[in-house]
Each structure stands twice: as C-alpha cells, then as structure tokens.
There are 2 protein chains.
Amino acid sequence: MISLADLQRRIEQGELSADASIAQSQEAIAAHEKAIGAFVCRDERPRAATIGPLRGIAVGIKDIIDTADFPTEMGSPIYRGWRPRADAPVVMMLMQAGATIVGKTTTTAFAANDPTATLNPHHHGHTPGGSSSGSAAAVGVGMIPLALGTQTGGSVIRPASFCGAAAIKPTYRLLPTVGVKCFSWTLDTVGLFAAGVADLAHGLSAMTGRGELLPGAAMPAPRIGIVTQDFAGEPEAFGAEALEIARRAAERAGASVRAQKLPEIVAEAWRIHPTVQDFEAQMAFAWEYRENYDAMPPLLRGRLDESKGTTAAAYDAARGIADEARAALAAVFNEVDVLLTFSAPGAAPSGLSSTGDPRFNRLWTLMGVPCVNVPAYVVDGGLPVGVQVIARFGADAGALAAARYVEEALKH
Amino acid sequence: MISLADLQRRIEQGELSADASIAQSQEAIAAHEKAIGAFVCRDERPRAATIGPLRGIAVGIKDIIDTADFPTEMGSPIYRGWRPRADAPVVMMLMQAGATIVGKTTTTAFAANDPTATLNPHHHGHTPGGSSSGSAAAVGVGMIPLALGTQTGGSVIRPASFCGAAAIKPTYRLLPTVGVKCFSWTLDTVGLFAAGVADLAHGLSAMTGRGELLPGAAMPAPRIGIVTQDFAGEPEAFGAEALEIARRAAERAGASVRAQKLPEIVAEAWRIHPTVQDFEAQMAFAWEYRENYDAMPPLLRGRLDESKGTTAAAYDAARGIADEARAALAAVFNEVDVLLTFSAPGAAPSGLSSTGDPRFNRLWTLMGVPCVNVPAYVVDGGLPVGVQVIARFGADAGALAAARYVEEALKH
C-alpha cells in the first residue's frame with residue numbers, strides 16, 4: 001500500500017515532487033487496475049496541485065459522490081452518464097487541501113447490496129466487500145494512498161477489513177453528506193480509506209482543517225473495552241482470531257483491557273437499525289423505485305418491496321430507542337476510552353455473489369460514533385482480517401490515537 | 001386564498017372533480033401571476049391524479065428543490081437550465097399522495113438573502129419576504145392551495161407572515177431534505193404554505209402518511225407561554241400588536257396564557273445560530289464559491305467572504321450550546337403546551353431590496369422544533385402580520401392543534 005503520511009513527508013522535504021507522487025499512483029493503477037477493476041472512470045492525465053497539505057496525493061471517490069469533472073453513475077444504469085453540476089463538499093474539501101482526484105471508484109448500486117465486479121486484491125476469488133468496493137480495493141492493492149467511501153450499515157469498515165486497508169467512519173456529520181446519494185439520512189456517513197491509521201489521520205485532518213486529529217508524538221496506553229456484540233450472532237473463526245490477536249497485542253503493549261458489557265438498550269438499537277434504514281430508504285429512493293422499477297438493482301428493489309409497510313410509528317419508536325441507546329453508550333465511555341470489536345464476521349467471503357455481512361458494523365453507524373478499522377491478521381491464503389476501534393461520539397482524535405496504538409502493538 | 005381542506009372535502013364528496021380543482025388554480029394563476037411573479041416555470045397543462053388524498057391539489061415547489069420534470073435553477077444563473085435526474089423525496093411524497101405539481105416557485109438565490117422580483121400580493125410595493133418568496137406569495141394571493149418552501153433562518157415563517165398565509169416548519173427531518181440545495185445541514189428544514197392551519201395539517205398528513213397530524217374534532221384549550229425573545233431585540237409596533245391581539249384572543253377563548261421566560265442557554269443558542277449556519281455554508285457552497293465566484297449572489301457571497309475564518313472550534317462550541325439549549329427548551333415544554341411569539345418583527349418592509357429580518361425565527365430553526373405561522377392582524381393598507389406557535393420537538397400534531405385554536409380564537 002502507499003502511505004499518505006510518507007508521501008506527504010517526502011513532498012514537504014523536497015525528496016519527491018507532487019507530480020512524481022501522482023505519477024507513482026498512475027503507474028500502480030496501470031499495473032493493477034486491469035486485474036482488480038476498482039475504478040468506474042479515471043482522469044488519464046491527472047495533475048498535482050502546487051499547494052496544500054494533500055498536494056501530490058491521488059484520491060479515488062466512490063461513485064455515489066457528486067463530481068463536476070467525472071460522471072456520477074451510482075453503480076446503476078439509471079444514472080448512466082449522469083453529470084452533476086457541482087462537486088460534493090467532501091470532494092471540494094479534498095481539492096482545497098491540494099489533493100488530486102484521479103477517478104471514481106466502483107460502488108454497489110446505490111450503495112446497497114448488489115455486488116460490483118471488483119475483485120479482492122488479496123485473493124481474486126473473493127469479494128472486496130461493499131458497498132465501497134472500489135475504494136477499499138484501490139487502497140488495499142496499493143494503487144492510491146487515499147479514497148472516500150460511505151457507510152450506512154457497514155460499507156466502509158467491512159470492505160476495509162476484507163481488503164487490508166485502514167479506514168475511518170468518522171463521527172456522524174463530521175464530513176457533510178451533501179451531494180452524496182442518500183440511502184438513509186440518519187445513517188449515511190462519509191469515510192476514508194488509507195494504508196495505515198496515521199495516514200487516515202493526516203487525510204481527515206487536511207480535509208477538515210482540524211489539527212487535533214493529527215497523530216501526536218506521545219501514544220498513551222488506552223483503556224480498552226472488548227465487545228463481542230453477542231446480539232449480532234457469533235463471529236466466524238477468523239474474526240474471533242483477529243480480535244483475540246489484537247487484544248493480546250494491546251495488553252502486551254501496556255493497554256488496560258477488559259471485557260465490556262453493553263446496556264440492553266444498545267442491543268435493542270442494533271435490532272432496530274433496519275427499521276430506520278428501511279423507512280428512510282423508502283423516501284430516499286422513491287423516484288428510482290417508482291420511475292425505474294425494472295432497472296433497480298434486484299437486492300435493493302427486493303428490500304424496498306419487503307419494507308414498504310414500515311410504519312411511521314415503528315420508525316418513531318426506533319428513533320426513540322436509538323436516542324436512548326446513544327445516551328447509554330456515552331456512559332460506557334466513562335469507563336473505557338475505546339471499544340474493540342470485530343470489523344466483520346471473518347475474512348472476505350469467496351465468490352462475488354455477496355459483499356459480506358454488516359452485522360458487526362450497523363450498531364455503530366446508528367450510534368454515530370467514530371470507528372476505525374485496523375488490519376490485524378492475515379489468513380492462510382493471504383486474506384486480511386481487521387478489528388474495529390470505536391470511540392465516544394465526537395472523539396475522532398481519540399479513536400485514531402487508540403487505533404494507532406493497537407496498530408503499533410500488532411507490529412510487535 | 002384557496003383552502004386545501006375545502007377542496008379535498010368537495011372532491012371526496014363528488015361536488016368537484018380533481019381536474020376542475022386543478023383548473024381553478026390554473027385560472028387563478030392566469031389572473032394573478034403576471035402581477036406577482038411567484039413562479040419560475042410552470043406546467044401549462046397540468047393534469048390531476050385520479051387517486052390519493054391530494055388529488056386535485058395544485059402545488060408549487062420552491063426552486064431549490066429537485067424536480068425531474070422542471071428545471072431547478074436555485075434562483076441563480078449558475079444553475080440556469082439545470083435539470084436534476086430525480087424528484088426530491090418531498091416532491092415524490094406529494095405526487096404519491098396524488099398532488100399535481102403545477103410549477104416551481106421563485107427563491108432568493110440559494111435560499112439566502114438576495115431578493116427575487118416577486119411582489120407581496122397584499123401591497124405590490126412591499127417584499128413578500130424570503131427566501132421562499134414565490135411559495136408564500138402564490139399561496140397568499142390564492143393561486144394555489146399548497147406550496148413547499150425551506151427554512152434555514154426564517155425562510156418559511158417570515159414570508160408566510162408577510163403574505164398572510166398559514167405555514168408550518170415541521171420538526172427537523174420530519175420531511176427529508178434530500179434533493180434540496182443545502183445551505184446548512186443542521187438547519188435546513190422543508191415547510192408547507194397553505195390557506196389555514198387545517199389545510200397545513202391535511203397537507204402534511206397526506207405527505208407523511210401520519211394520521212395523527214389531522215385536525216381532531218375536539219380542540220382542547222392549550223397552555224400557552226408568551227415569549228418575547230428579548231435577546232433578538234424589540235419587535236416593531238405591528239409585530240407587537242399582532243402578538244397582543246393573538247394573546248388576548250386565545251385568553252378570551254379559554255386558553256391558559258402566561259409570560260414565559262426562556263433559560264439563558266436558549267438565548268445563547270440564538271446568538272450562535274449564525275456560527276452553525278456560516279460554518280456549514282462554507283462547505284455547502286464550496287463549489288459555487290470557488291468555481292463561480294463572480295456569478296454568486298452578492299449578499300450571500302459577502303456573507304461567505306466574511307465568515308471564511310469561522311473555526312471548527314467555534315463551530316463545535318456552537319453545536320454544544322445548541323445541544324444544551326435543546327435540552328433546556330424541552331424542560332420548558334413541561335410547563336406549557338406551546339409557545340407563542342412573533343413570526344417577524346412587523347409587517348413586510350417596503351421595497352424589494354430586503355426580504356426582511358429572520359431574527360425572531362432563527363432560534364427555533366436551530367432548536368428543530370415545529371413552528372406554525374397564524375395570520376393574526378392586518379395593518380392599515382392591507383399588509384398581514386402573523387404570530388408563531390411553537391411546540392416541543394416532534395410534537396407537530398400539538399403545534400398544529402394549538403395553532404388552529406389560536407386561529408379560531410382570532411376569528412371571534
């Protein structure tokens with residue numbers, strides 16, 4: 001993988017020109033793209049900016065995010081050739097920081113569950129995960145140092161785990177979702193993929209102008225609560241193994257580690273996530289569903305067919321449970337700095353018929369708390385498995401710092 | 001004005017065909033539009049639907065809301081001729097309820113402060129208010145029974161007050177803002193204009209499928225707290241007069257009425273509303289500002305110029321204050337059912353150089369609570385002045401019921 005922080009340092013120190021840095025990504029794309037298929041469209045002659053902390057950084061943008069200079073096709077023939085007028089704010093934030101948008105990355109249609117043709121870079125017979133398939137694969141294989149994705153259930157953290165990339169789903173609305181195709185406005189969150197945790201921190205800090213997100217020199221040992229999310233079912237053997245490895249590494253490095261129970265209302269929030277998502281999706285996709293029913297992606301269409309009857313009363317009750325659970329979860333973070341849990345049930349499933357299961361992600365999306373995937377373990381055959389570091393709402397700097405601690409601990 | 005509830009009843013009882021109802025609006029448009037200029041573009045041959053509670057209801061849509069069948073120009077040459085692919089969810093909600101979209105209504109550019117050419121129907125030398133200028137004027141003059149607007153500061157309640165229409169700014173996110181040009185994602189709220197409060201209730205209920213919003217047979221006397229918003233400065237004489245008239249009418253009708261003080265943190269929230277709005281607007285308009293600086297509307301551009309330095313820290317602090325204020329305001333609603341306050345400082349200002357002042361509206365937008373404008377008073381010369389009924393977050397039915405009580409009381 002290509003380290004954003006490393007490129008940034010070399011460019012700042014004059015060891016590498018911003019243009020050469022972009023050219024390096026272009027060469028990597030030339031070497032890998034044909035096999036992986038992570039991009040929908042690309043700028044064949046991208047140019048580096050001359051200023052900004054992200055000058056020389058090649059970025060891929062998930063194709064449900066509006067771009068003025070590329071089509072935005074949402075992974076669906078309904079939007080074939082569609083050209084938004086404006087760049088989405090998150091794209092502008094990247095460009096204002098000096099980044100170069102080199103292309104749009106594949107997305108499952110409307111960021112739902114119908115798979116793309118993108119392959120897992122670590123084993124071509126497996127899914128890269130979804131819905132941010134192209135962004136995870138492009139970073140994971142080392143084509144680009146940074147990519148944007150989005151998560152409504154588990155669409156950032158899960159594919160990052162499957163592709164061996166670091167990723168952050170920041171606090172809800174730290175990054176605006178304006179100009180991003182909506183699935184559920186209560187859940188949709190823009191996230192970042194990069195080679196390592198420090199790279200995420202540099203990328204997110206440059207986008208938002210928030211210096212406090214940058215990695216600090218000191219790395220204090222965090223208090224970690226291990227969460228197994230029993231309400232979401234059992235993990236697979238490799239998922240359990242990854243968490244156990246990360247737990248032992250963090251403990252060995254000096255972190256205080258304990259098993260953490262979650263209040264029952266939090267488990268209840270896990271259960272009602274689909275109610276919130278489905279009710280809002282009925283409205284968010286109303287035009288596509290009514291005007292383009294036959295062209296809708298089959299899995300999403302089926303889900304919309306089935307959830308048509310979701311009532312406003314059920315939705316209101318679900319929203320109430322989510323509010324209560326957010327307050328209860330906040331109290332848990334008085335006892336520990338971060339939670340550590342599975343990023344996915346296991347390694348990437350074989351075949352391309354499924355993008356995997358978001359059951360260990362969706363609670364945290366509903367809670368709006370920052371989540372970081374840290375690659376923790378590589379299965380025989382090369383497939384990576386990550387773990388998920390979760391901090392209090394708004395504590396993105398804390399999530400990144402603890403994730404870097406775990407990442408460092410895993411190196412030893 | 002044309003009463004939606006009255007049309008609905010006559011159509012249901014077979015006294016009026018849905019087509020004849022639409023034709024009635026077309027005739028009213030032919031009679032008034034030339035003088036008022038409320039529409040940007042119109043369907044010259046609109047057709048009624050045959051089913052749905054809003055069949056036969058002609059609706060105008062503020063031109064920052066995406067429509068597949070009309071251009072969506074945002075009041076700005078930057079979007080001249082722009083054709084979105086999809087209808088916004090709020091437009092689909094109307095169409096699924098059987099409404100007929102007859103045209104797009106004028107909006108100040110990007111729903112900011114640069115005025116449109118639309119005239120106040122009650123006095124052509126005065127502003128109709130903004131930013132939802134066309135929607136307020138079109139309903140106020142009796143061209144259409146229903147229109148959609150949006151509010152970020154005071155862009156629904158204020159023009160409704162100036163044009164003599166009833167209007168509701170529902171609870172934050174009761175109506176999705178997906179497909180609505182963003183100014184500030186924490187504040188932007190879609191609202192409705194109609195002839196009277198019952199008309200609003202029927203319209204909002206049909207859009208959302210929420211039967212509890214419909215007017216009940218009984219109209220219990222509400223406990224009303226009178227709020228003068230001293231932190232926002234003094235009202236003008238006509239604004240004060242309108243509130244006093246409404247207060248006396250409600251008291252006479254049997255409501256319990258008292259002066260209501262607001263906690264200091266709520267006043268603080270009023271002060272920091274611009275910080276939230278400006279910080280988010282920097283991101284929301286990043287593309288227009290960077291790529292079309294010269295074509296930006298001057299007042300909005302000036303505001304963006306001035307607020308460029310708003311820091312993330314100031315924004316975070318403002319968000320924190322807003323959260324605290326929401327909790328403090330919720331406690332106020334344990335003592336009263338609704339608050340009653342000014343909808344605007346006074347009657348519509350003369351001339352078209354300003355759309356008026358949102359200082360009595362912006363707090364409630366930030367709090368996310370439902371607000372209803374009730375026309376209360378007509379100044380010599382014909383300009384109307386409204387009052388604002390405000391209920392607890394999520395209590396849209398309560399806000400409508402109490403507003404109807406005040407509206408009825410004002411008739412006697």
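The exercises below work through the sheet, the two chains, the domains and a few single elements of this predicted model.

In this predicted model, local features need pLDDT of at least 70 and side-chain atom pairs count only at pLDDT 80 or more, while totals for chains, interfaces and linings use all residues. Residues are numbered from 1 along each chain as its sequence is written, and chains are lettered from A and ligands numbered from 1 in the order in which they are written.

**Exercise 1. The sheet of chain A**

Task: State which strands form the edges of the open sheet in chain A, and which helices pack on the sheet.

Solution. Start with the terms: helices (H or I, at least four residues) and strands (E, at least two) are DSSP runs, numbered from the N terminus. Two strands pair if DSSP finds at least two bridges between them.

Step 1. Read the order of the 11 strands in chain A, which is S1-S3-S2-S4-S6-S5-S10-S11-S9-S7-S8, with mixed pairing. The edge strands are S1 (39-42) and S8 (256-259) of chain A, each of which pairs on one side only. From one strand to the next, the twist averages 30°.

Step 2. Look at the S8 edge. Strand S7 (residues 223-226) of chain A pairs with S8(A) in the parallel sense over four bridges. A:Gly225 has A:Arg258 in S8(A) as its bridge partner.

Step 3. Add the helices. Angles run from 0 to 180 degrees between N-to-C directions, and axes are lines fitted to C-alpha atoms, for helices over the stretch in contact. Two residues are in contact if their C-beta atoms, placed from the backbone, lie within 7 Å. Helix H7 (residues 237-253) of chain A lies across S7, S8, S9 (338-342), S10 and S11 (384-391) of chain A, at about 60° to S11(A). Helix H6 (residues 197-208) of chain A touches S4 (146-151), S5 (166-169), S6 (189-194) and S10 (371-378) of chain A, and its direction makes about 130° with that of S6(A).

**Exercise 2. Two chains**

Task: What rotation superposes chain B on chain A, and how many residues of each chain are in contact?

Solution. Step 1. Copies are superposed by least squares on the C-alpha atoms of residues with pLDDT of at least 70 in both. A rotation of 180° with 0.0 Å of shift along its axis places chain B on chain A, with RMSD 0.0 Å. The two copies are therefore related as by a two-fold rotation axis.

Step 2. In the interface, 25 residues of chain B are in contact with 25 residues of chain A. Helices H3 (89-96), H8 (264-284) and H9 (286-291) of chain B each supply at least two residues of the side that touches chain A.

Step 3. Sort that side of chain B by class: 16 residues are nonpolar, three polar and six charged. Here Ala, Val, Leu, Ile, Met, Phe, Trp, Tyr, Cys and Pro count as nonpolar, Asp, Glu, Lys and Arg as charged, and the others, Gly among them, as polar.

Step 4. Because 100% of the interface residues of chain B are also interface residues in chain A, the copies meet through the same surface.

**Exercise 3. Two domains**

Task: Which element supplies the largest share of the side of domain 1 of chain A that touches domain 2 of chain A?

Solution. Step 1. Chain A is assigned domain 1 (4-213) and domain 2 (223-265 + 320-411); such bounds come from an automatic or database domain assignment. Their C-alpha centres lie 22 Å apart.

Step 2. 42 residues of domain 1 of chain A are in contact with 39 residues of domain 2 of chain A. Helix H5 (157-163), S5 and H6 of chain A each supply at least two residues of the domain 1 side. The largest share, five residues, comes from H5(A).

Step 3. That domain 1 side divides into 18 nonpolar, 21 polar and three charged residues.

**Exercise 4. Strand S6 of chain B**

Task: Is strand S6 (residues 189-194) of chain B mostly covered or uncovered?

Solution. Step 1. A residue is buried if 20 or more other C-beta atoms lie within 10 Å of its own, exposed if 12 or fewer, and partly exposed in between, with C-beta atoms placed from the backbone. Six of the six residues in S6(B) are buried, and the strand is mostly covered.

Step 2. B:Thr189, B:Gly191 and B:Phe193 point one way, and B:Val190, B:Leu192 and B:Ala194 the other way.

Step 3. Strand S4 (residues 146-151) of chain B runs antiparallel to S6(B), joined by six bridges, and B:Ala147 stands opposite B:Phe193. Strand S5 (residues 166-169) of chain B is also antiparallel to S6(B), joined by three bridges, and B:Ile168 stands opposite B:Leu192.
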